[in-house]
Each structure stands twice: as structure tokens, then as C-alpha cells.
Amino acid sequence: MDDATSDRVPTAEIRHALRALASETGPLTGLRGVKLVRPLVAQAHEVLRERLEAGGSVEAYLRGRTRLADSAVIGLLHIASVSTRMRGSNMVAPLAAVAVGGYGRSELAPGSDLDLLFLLPESNQSRAGAVAAATETCIKAVIAGLWDLGFVLDHAARSPRECLDLAREEPAVLANLLDRRFLWGGFGLFAALDADLAGLFSGPLAARWRGAVGSAMASTRGDALNSAQTPDNEPDVKRGPGGLRDLQRALSVNTLASGRPAALAQPALIEAHRFLWLVRCHLHLLVGRAEDRLSSALQPDVARRLGFDEPRGTTAAPSLLHIFRRHAHNVLQAAALATRSVPAQPR
């Protein structure tokens, strides 16, 4: 690509390239060419990184990475569904792809996994015949294609009922399903899961399920506010007290009747969300992988990236830590307030 277009995220080019691969004839022929698209994906990541490091908003960075991932997932599903003849004569795919967790929230840090849920039909017959075999081949091909394109993913394949049963047993699974976003395939499968989750949070045990989610998302099992009275000089931006996990807890325990968490509304939490994600993204970019511990060794570099004028020669970043603790305190207060009135996890 020439200089005039080198600063543009080539999302459209990626979609066109994957669409062209889908037209290749022969079983799985198009999927063998997926690696050829990897340079475009790498260029897209690089453009997004340059924009963030030049002072761009972290919200735009996270959305850009999500759109890039969406293009890859949907494009690969199109190729695989055509190549494996998964649909046959049926216009509705016996499969749906759903983004959940951080991917469902459109929050993808450089080292984040793609949390991808493949929804299958409820009928046992769908898993025994040719359609089920083609669907399984399709899913495996998409997973392999995403790895070929450089994505790291965490995936599961279940029916909507299996998702609900597991969510009742595992609050962490329930918390992950609250942030769900339809990507591709049979929308009826997604609608069934949507209705099942809404039933949990609009029924008589709604408060108890909110409590279960809050428990699953908590950074500590004790009083987080008390534990924060001893400041951590190397805080964990994601899992530590007042980090992103606690911010999600503050939202998730206020899950709406639709089975979706409430949106950010308080200015202090919006500011904390922006700051914590900025720190996390720059940490990942500095280290080259998922690293959420703001260690003393990394603090000066993160501070410089965020524009803090820290004293030269220091082995830590006091201004950065001061602002981190202010935001963490606000997050912990919001999380404690949100969880104070809900019952404990259901048994």
C-alpha cells in the first residue's frame, strides 16, 4: 500500500480479501489462503497502535481492534460455511457466532483473547447427521483461521440451554454472558440465549443472580476497601482492587431485566474506565503480550506514554500511581455500593 493509504486501517481490504477467498472452488480451498491476509491484519494493528501512541483516544483504539476482529471472524465464517457446505439448502445457518466478555463489550486490549461463543441448535439430531459434521468442521476451520491471522482466542460451542445450565452452576460464566453481541449466523439461536438470560434477571431470583455475578467479578473475597488502605506499589490494572474487573462488577451487579449490565453513567467511573484502559493497553504494547501488573520497572515508560512529567532517574512513577489510586478508590466505592444491597451467591 502506498503512503497515502498507509495510515488507514485496512478493514475493508481484509473483508474483500476474505470474500475473494470464499469464491475459491473445492472443499476448504479458500481456507488454505487465509495466511495471505495476515500482513493486512498486522498492518491494521500497527495503524491502530500508532494512532493510540500519537495521543488518540483509547475508546477509538478499542473499537478499532474490535471492528478488525469482527471482520476476521465474520469473513472466516463466511468462507468456512461456503467451503464446508454447512447450510446445504437451508438459508439459515445451524450455527451462530457470539462475542462475549470483553470482546462482547468491544474492549480488546493488545493482549486480549477473543471470547467467542458458537451457539448450536438444541436438537440432538443436529449433532448426529451430515449437517452437524459440517458445522463442526466449520467451527474448527474458523478457529484455525483466526490463529493463522494472529488472534488469540478463548472459545466454546454450546446450545443456548447448555449455556444457561452452565451459567447457573458457574457465576463466572454467567458474568461473561452478560456482555453478548451477535456476530453471524442463525439469529434465532442468539435470540433464544438472550431470552433465557433475560428470564434469569427478570424473575423472582433476579437479585440473587446479580449477587452471584458480583461475587464472580470481585477482585478480593474480603472487604476490598479495607485491603486498599495498604496501597499496592505495583497494582494489577485488571484484577487488583479498583481495577477493571471491579469496574465491571459495579456495572454487572446492576444487571437490567434484559440480562445486560447497566451502562457507565457516573463521570468519575467514565474517567476511571478511560484511564485504566489506557494504562492496560500501553502495558500490553510495551511488553508485547498480556501484562496487567503495573510494575515499578514499567511505570516510568507508561507514565511517559501518558504524558506525565515524572522526575528523571526514578525507578517508579509517583504521579501515575497517585492518579491510579484515585481512580481505584472511586471504582471500589462504586462496586461496594452496588454490591451492598444484593444477597450472596445462590446455592
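Here are a few questions and answers about a predicted model of a protein chain.

User: How many helices and strands are in the protein chain?
Analyst: Let's start with the overall makeup of this predicted model. The protein chain has 347 residues, and 47% of them count as buried. As for its elements, the count is 14 helices and four strands.

User: Which helix gives the most to the largest nonpolar core?
Analyst: That core has 71 residues, and those touching the most other members are L77, L95, Y103, L114, L146, F151 and L320. The helix that gives the most to this core covers residues 58–83 and puts in 11 residues. So you're looking for helix α3.

User: Which residues does L146 touch, leaving out those up to four places away in sequence?
Analyst: L146 is one of the residues touching the most other members of the largest core. With those sequence neighbors set aside, the list is A72, V73, L76, L114, L116, F151 and L153.

User: Are the two faces of strand β1 covered or uncovered?
Analyst: In a regular strand, side chains alternate between the two faces of the sheet. In β1 (residues 96–99), A96 and V98 sit on one side, with A97 and A99 on the other. All four are buried, so both faces count as covered.

User: Which residue in β4 is the bridge partner of A97?
Analyst: Strand β1 pairs with β2 (residues 114–119) through four antiparallel bridges, and there V98 stands opposite L117. β1 also pairs with β4 (residues 181–185), again antiparallel and over four bridges. In β4, the partner of A97 is W184.

Definitions and conventions
Residues are numbered from 1 along each chain as its sequence is written. This is a predicted model: local features need pLDDT of at least 70, side-chain atom pairs count only at pLDDT 80 or more; totals for chains, interfaces and linings use all residues. Side-chain values use heavy atoms; hydrogens and water are left out. A nonpolar core is a set of buried Ala, Val, Leu, Ile, Met, Phe, Trp, Tyr and Cys residues joined through side-chain atoms within 4.5 Å. Buried means under 20% relative accessible area, exposed over 50%, partly exposed in between (1.4 Å probe, protein chains only). Contact means heavy atoms within 4.5 Å. Two strands pair if DSSP finds at least two bridges between them.
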